[in-house]
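Here are my notes on the structure, as numbered points. Please read them with the model open.

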Amino acid sequence: MKKICVYVVFTVFVYSVNAQSAGKIITARQVKKIEKILSADDMQGRRTFTPAIEKASAFIETQFKKAGLQTFKGAANYRQEFFMSQAITGDLKISIDGKSVTDSLIIMFSYQPTISLTEKNDVEIVKINTGDKFAHKFYEYYQSRKNLLVLVDSSFENRLKGLRQMDKISANPAGNSVVFVFGTTKANTFRIDGTNTITKKALNNVVGILPGKSKPNEYVVFSAHYDHLGVGSPAEGVPHDNTDSIYNGANDDAAGTTAVILLAKYFKKLNNNERTLVFATFVAEELGGYGSQYFSKQLPPEKVMAMFNIEMIGTESKWGANSAYITGFEKSDMGVILQRNLKGSSFSFYPDPYPEQQLFYRSDNATLARLGVAAHTISTSKMDNEPNYHKASDEIGTLDMKNMAAIIKAIALSSVTIISGKDTPSRVDTTQLK
């Protein structure tokens, strides 16, 4: 009993000391200072493949340097660079059974400079029929490595606008072409002729570390994505209006990036982490999670003990202030550990209340979770009714800085036993993932 009492007193003491440190570093004022820069109009919405994303990267690098982080694996800087191929379709002409198809009803995904296909080539004709689950069918065909002519029922023509927003990029492009034609249900003969301009472009995550003292080869990751949608343009299919065309992404996910920067400063100040802490901000999340996919290949997954991915924490959750939810709560015991470490505080973590939204699979935690890591996203976004989600109205004025600071502090304090090595979350059962 005496040992238990001593342990409890010690735990309360550590929590109190850490809370005082967090209170000095993680403040609403500091949250606003960083958030204001990341979501400013001159960041132009931080769209991948634009000068704006480079500007955002440079700012985060400066913050990591000021925090005193080391570079990842002794790199020359904090930029974790990788390359992707981008395809821009030029001329594209399609005829089906001798009749030309209107350009506005065609979308092609191909990384071939020239395309010339007919029914005599190795092309499979598939369909998306009325009543089908469009998203499921679309991604099945979009991810195919075969040459496909996809005939889409006219009832899905309202999907065209959204599909035209997709950037045609790939880290490992295949040699096939997938062509979607809307409003056509039969094709006995066809001819597809087109061209693409293919360019290889560099992208980078921003990654810094605090080496662990006694467990340097065990990693705890704190992450967010720093890209967003950019500037609205009719040519890109992104909504545009005359009053505001910049998609500032203040909540999505400048908020998460702000949290990662402040957590880096906080843990560097404490300087007592037994496990190595990795602070990562990912690029190209909005385009398909390409930054986190590359990052996941740089560490042995069995050495990653936990991942705190932070996404959209700028507004109050459905439970009000001092609360947040954890996606995939039931897939490991990480959430239980975090809440236990907050016992006696006013903050609560809850399971994801929007399971139908599949949020566990829609953010940067998903890649590492598929490798068995206890990788979860912490969020407050009310996804059943989030008025500014993916809109130009997602600006700093819509965020609650005081509540953001409370959430970031809660993440810092709840992670203490994982960082110290006392607790190790259970692994995600990959056989149970979709």
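1. Start with Asn322. This residue sits in the loop between E15 and strand E16 (323–326). Asparagine 322 is not a glycine, yet its phi is positive, about 55°. Most residues other than glycine have a negative phi. The relative accessible area of asparagine 322 is 28%, so the residue is partly exposed. Bear in mind that this is a predicted model.

2. Alanine 284 also deserves a look. Its phi is positive, about 60°, although the residue is not a glycine. The residue belongs to the loop between strand E14 (275–282) and helix H7 (290–296). Is alanine 284 buried or exposed? Its relative accessibility is 0%, so alanine 284 counts as buried.

3. Next, the backbone at aspartate 252 and aspartate 253. The peptide bond joining the two is cis, with omega about -5°. Most peptide bonds are trans. Aspartate 253 is part of helix H6. Check this bond in the model.

4. Tyrosine 389 touches one partner in that cis bond. Its contacts are Asp252, Met312, Arg362 and Met383, leaving aside residues up to four places away in sequence. Tyrosine 389 lies in the loop between strand E18 (375–379) and H10. With 28% relative accessibility, tyrosine 389 counts as partly exposed, because the buried class ends at 20% and the exposed class starts over 50%. Alanine 40 is 349 residues away from tyrosine 389 in sequence. In space, their C-alpha atoms are 17 Å apart.

5. Isoleucine 310 touches the other partner. What does isoleucine 310 touch, not counting residues up to four places away in sequence? The list is Ser223, Ala224, Asp253, Gly256, Ala259, Val260, Leu263, Ile378 and Ile411. Isoleucine 310 is in strand E15 (residues 304–310). At 0% relative accessibility, isoleucine 310 counts as buried, since the limit is under 20%. Aspartate 333 is 23 residues from isoleucine 310 along the chain, and the two C-alpha atoms are 18 Å apart.

6. Now the packing of H6 against H2. Helix H2 covers residues 28–38 and helix H6 covers residues 250–270. Their axes are 9 Å apart, at an angle of about 130°. H2 and H6 are therefore oblique to each other. The crossing is right-handed. On the H2 side, Gln30, Val31, Ile34, Glu35 and Leu38 make the contact. On the H6 side, the contact residues are Ala250, Ala254, Ala255, Thr257, Thr258, Ile261, Leu262 and Lys265.

7. H6 also packs against helix H10 (residues 401–414). The two axes come within 10 Å and cross at roughly 50°. That angle makes H6 oblique to H10. This crossing is right-handed. H6 contributes Ala255, Ala259, Leu262, Leu263, Tyr266 and Phe267 to the contact. H10 contributes Met404, Ile408, Ile411, Ala412 and Leu413. Ala255 and Leu262 of H6 are also in the contact with H2. Ala259 and Leu263 of H6, and Ile411 of H10, also touch isoleucine 310.

8. On to the aromatic rings. How many aromatic pairs does a search of the whole structure find? The count is 23. Why is the pair of tyrosine 266 and phenylalanine 267 edge-to-face? The planes stand at 65°, and edge-to-face applies over 60 degrees. The ring centres are 4.9 Å apart. Tyrosine 266 and phenylalanine 267 are both buried. Both residues also appear in the H6 contact with H10.

9. Phenylalanine 347 and phenylalanine 349 form another edge-to-face pair. Their centres are 5.1 Å apart, with 65° between the planes. Phenylalanine 347 has 4% relative accessibility and so counts as buried. Phenylalanine 349, at 6%, counts as buried too.

10. A cluster is also worth displaying. Ring pairs connect Phe109, Phe134, Phe138, Tyr139, Tyr142, Phe156, Phe180 and Phe182.

11. Last, charges over rings. Lysine 200 lies over the face of phenylalanine 83, 5.6 Å from the ring centre. Lysine 331 places its charged end over the ring of phenylalanine 360, at 5.5 Å from the centre.

How values were computed
Residues are numbered from 1 along each chain as its sequence is written. This is a predicted model: local features need pLDDT of at least 70, side-chain atom pairs count only at pLDDT 80 or more; totals for chains, interfaces and linings use all residues. Side-chain values use heavy atoms; hydrogens and water are left out. Rings of Phe, Tyr and Trp (its six-membered ring) pair if their centres lie within 6.5 Å; planes under 30 degrees apart count as stacked, over 60 as edge-to-face and the rest as tilted. Buried means under 20% relative accessible area, exposed over 50%, partly exposed in between (1.4 Å probe, protein chains only). A charge sits over a ring if NZ of Lys or CZ of Arg is within 6 Å of the ring centre and within 35 degrees of the ring normal. Axes are lines fitted to C-alpha atoms, for helices over the stretch in contact, and angles run from 0 to 180 degrees between N-to-C directions. Helices (H or I, at least four residues) and strands (E, at least two) are DSSP runs, numbered from the N terminus. Angles under 35 degrees count as roughly parallel, over 145 as roughly antiparallel, 65 to 115 as roughly perpendicular and the rest as oblique. A crossing is left-handed if the near helix is turned anticlockwise from the far one by less than a right angle, and right-handed if clockwise. Contact means heavy atoms within 4.5 Å.
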